[in-house]
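Here is a short briefing on one protein chain. Keep the sequence and the 3D view open as you read.

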Amino acid sequence: MIDMRHTVLIVEDDPQIRRFVRSTLQSNDVEVVEADTGRAGLREIATRQPDLVVLDLGLPDTDGIDVIRELRGWTQVPVIVLSARSSEAMKVSALDAGADDYLTKPFGVSELLARVRAQLRRTTRALEEAPAVSFGEIVVDLARREVTRAGQPVRLTPTEYRLLSVLMRHAGRVLTHRQLLRDVWGPAQVDNAHYLRVYMGHLRQKLEKDPAQPEHIITETAVGYRLMGVR
């Protein structure tokens, strides 16, 4: 049994294998999302923010290794490859591209679940060990995904929290509009700067003493944004 509720995305074009993996994971209290092409998988990763991706390499629209390379440009979500390609060179290529594990078809239920548990444990442990981050009156508990301002809870939407997380991860560094859009909304939205302006405004309203004259979420004119004062 998986210890806590997680979301896993299956990117696989074979409906029988997809159904088998889905039923296996759902019987272990895992929420499952599915995609049957590489493009659809990337969209689901960007919008659903799954805890783990189970990825086939032989996809109808693109090679799975190219999917891994693309997603590694904007997320570190764990990826387990499921593939009939069993050569050592193929395994090395997938792992070098950024996959976390590689399981060849056919595979057994027990081995699949063991690999999934191992990756989810690693992710959960990283969250549990994450420290709190603070700036001004704001404290962010990364393990619990909780934000407080002067000791009072601040309610952020999932998108607002993802945006804040990216800013904190690169605290003090200027992040371009395209970088932020890619990391928060995914590669398909890198030209929608309107999203960014709206959500930055929301964050400032909730986190800054004076949203009109922000001390921490700083605009770098015509370039992007920077989070200052993190300690």
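Leu9 is buried, because its relative accessibility is 1% and buried means under 20%. Leu9 sits in strand β1. This is a predicted model, and the points below take it topic by topic.

**Around Leu9**

- Leu9 has many partners away from its own stretch of sequence; among them are Val33, Glu34 and Ala35.
- Leu9 also touches Gly41, Glu44 and Ile45.
- Further contacts of Leu9 include Pro50, Leu52, Val53 and Val54.
- Gln152 is another matter: Leu9 and Gln152 are 35 Å apart in space, C-alpha to C-alpha. In sequence, 143 residues separate the two.

**Helix α2**

- Helix α2 covers residues 38–48.
- Which residues of α2 are buried? They are Gly38, Ala40, Gly41, Leu42, Glu44, Ile45 and Ala46.
- The cover over these buried residues includes three strands: β1 (6–11), β2 (30–35) and β3 (52–56).
- The helices α3 (64–71) and α7 (177–185) are also part of that cover.
- Thr37 caps the N-terminal end of α2. A side-chain oxygen of Thr37 lies 3.1 Å from the backbone nitrogen of Ala40.
- Just after α2 comes Gln49, with a positive phi of about 50 degrees.

**Glu44, a charged residue inside α2**

- Glu44 belongs to helix α2.
- Is Glu44 buried or exposed? Glu44 counts as buried because its relative accessibility is 18%, and the cut-off for buried is under 20%.
- Beyond its neighbours within four places in sequence, Glu44 is in contact with Leu9, Val33, Glu34 and Ala35, among others.
- Gln49 and Pro50 are also among the contacts of Glu44.

**Salt bridges**

- Side chains of opposite charge can pair when their charged atoms come close.
- How many salt bridges does the structure hold? The count is 16.
- Glu34 pairs with Arg18, with the closest N and O atoms 2.8 Å apart. Glu34 lies in strand β2 and Arg18 in helix α1, so this pair ties together parts 16 residues apart in sequence.
- Arg18 is buried, at 15% relative accessibility. Glu34 is partly exposed, at 27%.
- Glu34 also forms a salt bridge with Arg22, where the closest N and O atoms are 2.6 Å apart. This pair links helix α1, home of Arg22, to strand β2, home of Glu34; the two residues are 12 apart.
- Arg22 is partly exposed, with a relative accessible area of 24%.
- Asp100 and Arg72 meet through their side chains in a salt bridge of 3.0 Å, N to O. Asp100 is in the loop between α4 (88–97) and β5, and Arg72 is in the loop between α3 and β4 (79–83), so the pair ties together parts 28 residues apart in sequence.
- Arg72 counts as buried, at 16% relative accessibility. Asp100 is partly exposed, with a relative accessible area of 29%.
- Glu12, Asp56 and Lys105 are linked in a salt-bridge network.

**Backbone details to look up**

- Lys105 has a second feature: a cis peptide bond joins Lys105 to Pro106, with omega about -5 degrees. Pro106 lies in the loop between β5 (101–104) and α5 (109–129).
- Asp29 is not a glycine, yet its phi is positive, at about 65 degrees. Look for Asp29 in the loop between α1 (15–26) and β2.
- Asp29 is partly exposed, with a relative accessible area of 38%.
- Ala222 is not a glycine either, and its phi is positive, near 65 degrees. The loop between β11 (217–220) and β12 (224–227) holds Ala222.
- Ala222 is exposed, with a relative accessible area of 75%.

**Two domains**

- The domain assignment gives domain 1 (7–128) and domain 2 (131–227).
- The C-alpha centres of domain 1 and domain 2 lie 29 Å apart.
- Seven residues of domain 1 are in contact with nine residues of domain 2.
- What area is buried between domain 1 and domain 2? It is about 650 Å², and carbon and sulfur atoms give 56% of that.
- On the side of domain 1 that touches domain 2, three residues are nonpolar, two are polar and two are charged.
- There are zero salt bridges between domain 1 and domain 2.
- One residue pair is in polar contact across the interface of domain 1 and domain 2.

Methods:
Residues are numbered from 1 along each chain as its sequence is written. This is a predicted model: local features need pLDDT of at least 70, side-chain atom pairs count only at pLDDT 80 or more; totals for chains, interfaces and linings use all residues. Side-chain values use heavy atoms; hydrogens and water are left out. Domain bounds come from an automatic or database domain assignment. Contact means heavy atoms within 4.5 Å. Buried area is the accessible area (1.4 Å probe) that two parts lose on being put together, summed over both. A salt bridge is a side-chain nitrogen of Lys or Arg within 4 Å of a carboxyl oxygen of Asp or Glu. A polar contact is a pair of N or O atoms within 3.5 Å; within protein, one must be able to donate a hydrogen and the other to accept it, and residues adjacent in sequence count only if both atoms are side-chain atoms. Ala, Val, Leu, Ile, Met, Phe, Trp, Tyr, Cys and Pro count as nonpolar, Asp, Glu, Lys and Arg as charged, and the others, Gly among them, as polar. Buried means under 20% relative accessible area, exposed over 50%, partly exposed in between (1.4 Å probe, protein chains only). Helices (H or I, at least four residues) and strands (E, at least two) are DSSP runs, numbered from the N terminus.
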